[in-house]
Amino acid sequence: LVETRIVVTHEVGLHARPAAMFVQTAGRFASSVRVKNVTTNSESIDAKSILGVLTLGVVRGHEISISADGADEKQAIADLRKLVEGNFGESEGES
Amino acid sequence: VTTSGGSEPPSPPPLSGLLEESFVLIGLKADTAEEVIRRLAVPLVEAGCVEEAYANDAWRREQRYPTGLPTSPLAVALPHADPDHVLRPALAVALLATTVRFDQMGSDPAIPLQVQVVFLLALKEREQEATFLRDLMLVLQTPGLLESLAQCRSPAEVTALLRQASGDSNS
């Protein structure tokens, strides 16, 4: 099991396009991937479920915890971190 | 214009405040997602909530970033666009006469969904979307809510049901 914490800095938080990209990325791995909103102390939910991710209500500035469990857990965490740190492929201010 | 920084974004207006009976379309007959979005925008334009361009924006965005969600037992879609053409925040709802294909949010390649209920969302602040969608998702996942919604026969029933459900979820 690998776990990481990261602050979401994207303007719209983890919803819409960022949420979709997050779910798509998590879905590429065989490992079980879970995510929770640390800031609101939410439940941990399946990161491959768009319904679950939307229910987290992650807005800009919230900290999330991502955990992966399985054969490719390290790569899953690395890729998801990169996605969030890279602001979901957007530069600041771009819509 | 919002300032950047670590501060919490403003809370969105409550769901019940955005919904008016004239924004509810019961038994809407439509063949495509585009048609549903355009029809839902009409009452919002008439009420002065959005400019006419909002429908185009929402449809363009829907094609790039689909908003269908596999809620149970009925799939829903939550089309929306950036706030450029929003004058006053609002929420419009369509109960479709027959299901219409939307694609699932976050699917690649696209997963088609046969959607029964569509919410057209018009917010003035991009940053409020995540919180608003979370609240709406919690309401829509209230046990029995979607079944009850699909059986509504008047706009007043729909607004009463959603107001009650959103009030309960906040208490």
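This briefing describes selected features of the two chains and of the contact between them. The model is predicted. In chain A, the account centres on helix 1 and helix 3, which pack with their axes 9 Å apart. In chain B, it centres on an open sheet of five strands and on two helices that lie across strands of chain B, namely helix 3 and helix 4. Between chain A and chain B, an area of about 2,100 Å² is buried.

**Helix packing in chain A**

- Helix 1 of chain A spans residues 16-27 and helix 3 of chain A spans residues 73-85; the angle at which they pack is about 165°.
- Angles over 145 degrees count as roughly antiparallel, and helix 1 and helix 3 of chain A are therefore roughly antiparallel to each other.
- The crossing of these two helices of chain A is right-handed.
- On the side of helix 1 of chain A, the contact is made by Met21(A), Phe22(A), Thr25(A) and Ala26(A), which meet Asp79(A), Leu80(A), Leu83(A) and Val84(A) in helix 3 of chain A.
- Of the residues in this contact between helix 1 and helix 3 of chain A, six are nonpolar, one is polar and one is charged.

**The sheet of chain B**

- The five strands of the open sheet in chain B follow the order 1-4-5-3-2, and their pairing is mixed.
- Strand 1 (19-28) and strand 2 (68-69) of chain B are the edge strands, each pairing on one side only.
- Strand 4 (residues 90-103) and strand 5 (residues 112-122) of chain B run antiparallel and are joined by ten bridges.
- Asp103(B) has Pro112(B), in strand 5 of chain B, standing opposite.

**Helices across the strands of chain B**

- Helix 3 of chain B (residues 53-64) lies across strand 2, strand 4 and strand 5 of chain B, and runs at about 140° to strand 5.
- Helix 4 of chain B (residues 129-140) lies across strand 2, strand 3 (75-77), strand 4 and strand 5 of chain B, and runs at about 130° to strand 5.

**Contact between the chains**

- Chain A contributes 20 residues to the contact, and chain B contributes 28 residues.
- Carbon and sulfur atoms give 59% of the area buried between chain A and chain B.
- The residues of chain A that lose the most area to chain B are His15(A), Leu51(A) and Arg60(A), which together account for 28% of what that side buries.

**Backbone details**

- A cis peptide bond, with omega near 0°, runs from Ser72(B) to Pro73(B), and Pro73(B) is in the loop between strand 2 and strand 3 of chain B.
- Asn87(A), a residue other than glycine, has a positive phi, near 55°; Asn87(A) is placed in the segment after helix 3 of chain A.

Conventions: Residues are numbered from 1 along each chain as its sequence is written. Chains are lettered from A and ligands numbered from 1 in the order in which they are written. This is a predicted model: local features need pLDDT of at least 70, side-chain atom pairs count only at pLDDT 80 or more; totals for chains, interfaces and linings use all residues. Side-chain values use heavy atoms; hydrogens and water are left out. Axes are lines fitted to C-alpha atoms, for helices over the stretch in contact, and angles run from 0 to 180 degrees between N-to-C directions. Helices (H or I, at least four residues) and strands (E, at least two) are DSSP runs, numbered from the N terminus. Angles under 35 degrees count as roughly parallel, over 145 as roughly antiparallel, 65 to 115 as roughly perpendicular and the rest as oblique. A crossing is left-handed if the near helix is turned anticlockwise from the far one by less than a right angle, and right-handed if clockwise. Contact means heavy atoms within 4.5 Å. Ala, Val, Leu, Ile, Met, Phe, Trp, Tyr, Cys and Pro count as nonpolar, Asp, Glu, Lys and Arg as charged, and the others, Gly among them, as polar. Two strands pair if DSSP finds at least two bridges between them. Buried area is the accessible area (1.4 Å probe) that two parts lose on being put together, summed over both.
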